[in-house]
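Please open the model in a viewer and set it to a cartoon representation. The tour below proceeds by selection, from the whole chain to individual residues.

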Amino acid sequence: AFQETSIFPRASGYLGKQYVDIGQHVKAGQLLAEIEAPEVDADLNQAKATVDQAKANYAKAQNDFDLAERTRVRFAGLTKTGGVTVQELDEKTAASDQAKAAMNAAKASELVAAAAVQRLQATQSFEKIYAPFDGVIMSRNYDVGALLSPTNTGDGKELFRVVQSDTLRIFVNVAQQYINSVTTGQQAFVSVPNYPGREFEGMVARSTGALDPQARTLRYEIDVPNKDNALKAGMY
């Protein structure tokens with residue numbers, strides 16, 4: 001296949017909905033399945049509430065700082081006329097500095113809470129599984145209700161396997177004495193036992209650029225259009 005990939009879940013939960021089956025053609029970005037992860041949804045709601053609380057705390061801290069700063073400025077003016085002592089001004093200045101520090105801390109807490117929401121939103125987005133490219137579903141290993149885990153990534157444990165076979169890669173190992181006769185971009189014709197007498201036209205697309213030191217062959221790749229899906233990935 002021109003492209004082939006295994007799709008594993010990134011979120012833990014139960015397979016809630018499945019929209020495709022084996023042999024079905026899919027488009028890039030198409031929704032394939034949905035995972036139910038109520039714990040993530042609950043954590044996200046809690047994180048959003050924490051953000052609202054942090055914003056309220058920051059607003060209060062801003063008001064406290066504004067009041068403390070106005071008081072400091074007022075006392076600074078009165079100090080010049082002898083209305084208040086330098087000690088009193090120093091106390092109001094310290095109170096203003098403390099209020100500013102508290103405001104900065106409240107703002108930092110708000111940013112931390114917002115980051116937690118973004119992280120959980122990213123985790124929640126993993127509940128939806130999308131096709132990475134146009135292709136065909138080659139395998140489907142779970143049914144609705146199955147428990148899924150992102151740590152279960154062994155062979156045959158993928159949620160789906162998608163192959164793009166409208167173009168196929170044909171691998172040919174060419175002996176050293178013939179490599180000067182093969183150039184990138186030239187036509188190539190492929191035949192398979194399934195279709196006696198029929199040749200499939202392709203093009204030499206690329207090579208490894210170095211010979212295999214054991215076999216003394218150079219591997220070329222031939223791209224063959226396969227719009228009618230007559231050829232199957234894995235054929236010889």
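In what order do the elements of the protein run from the N terminus on? The order is β-β-β-β-α-α-β-β-β-β-β-β-β-β. This is a predicted model, and its secondary structure amounts to 2 helices and 12 strands. The radius of gyration is 33 Å, well over the 18 Å that the globule rule gives for 236 residues, so the protein is more spread out than a compact globule.

**The whole chain**

Begin with all residues displayed and orient the view along the principal axes, where the C-alpha trace spans about 110 × 50 × 30 Å. Colouring by burial will show 31% of the 236 residues as buried. A surface representation corresponds to an accessible area of about 14600 Å², with 51% of that area belonging to carbon and sulfur atoms. If the charged residues are selected next, there are 25 positive and 28 negative charges, and their mean positions lie 4 Å apart. For contacts between residues at least 6 apart in sequence, 70% join residues at least 24 apart.

**Helix 1**

Select residues 38–81, which form helix 1. The 44 residues should span 64 Å at 1.5 Å a residue, and the end C-alpha atoms are 66 Å apart, which agrees. Now show the side chains of the buried positions, among them Val-40, Leu-44, Ala-47, Val-51 and Ala-54. Further along helix 1, the buried residues include Tyr-58, Ala-61, Phe-65, Ala-68, Thr-71 and Phe-75. An α-helix has 3.6 residues a turn, so residues three or four places apart point the same way. To see part of what covers the buried residues of helix 1, add helix 2 (86–125) to the selection. Then move to Gly-82, just after helix 1, where phi is positive at about 85 degrees.

**The loop at Asp-143**

Go next to the loop between strand 6 (135–140) and strand 7 (147–148), and select Asp-143. Is this residue buried or exposed? Asp-143 counts as exposed, at 52% relative accessibility. Extend the selection to Gly-16: Asp-143 and Gly-16 are 127 residues apart in sequence, yet their C-alpha atoms are 9.0 Å apart in space. Leaving aside residues up to four places away in sequence, Asp-143 touches Leu-15 and Gln-18.

**Ser-165 and Asn-229**

Move on to Ser-165, in the loop between strand 8 (160–164) and strand 9 (167–175). This loop residue is buried, with a relative accessible area of 11%. Which residues does Ser-165 touch, not counting residues up to four places away in sequence? They are Val-136, Asn-226 and Asn-229.

Follow the last of these contacts to Asn-229, in the segment after strand 12. Asn-229 counts as partly exposed, at 26% relative accessibility. Its backbone deserves inspection: Asn-229 has a positive phi of about 60 degrees although it is not a glycine. Most residues other than glycine have a negative phi.

**Arg-216**

Finish at Arg-216, in the loop between strand 11 (200–207) and strand 12 (217–225). Here too phi is positive in a residue other than glycine, with a value near 55 degrees. Arg-216 is partly exposed, its relative accessible area being 48%.

Note on methods:
Residues numbered from 1 in each chain as written. Predicted model: local features only at pLDDT ≥ 70, side-chain atom pairs only at ≥ 80, totals over all residues. Heavy atoms only, no water. Helix = DSSP H or I, 4+ residues; strand = E, 2+ residues; numbered from the N terminus. Rg over C-alpha atoms; globule rule 2.2 N^0.38 Å. Buried < 20%, exposed > 50% of the residue type's maximum accessible area, 1.4 Å probe, protein only. Contact = heavy atoms within 4.5 Å. Areas by Shrake-Rupley, 256 points an atom, 1.4 Å probe, with all protein chains shown as cover. Lys, Arg positive; Asp, Glu negative; His and termini not counted. Charge placed at Lys NZ, Arg CZ, Asp CG, Glu CD. Expected span 1.5 Å × (residues − 1).
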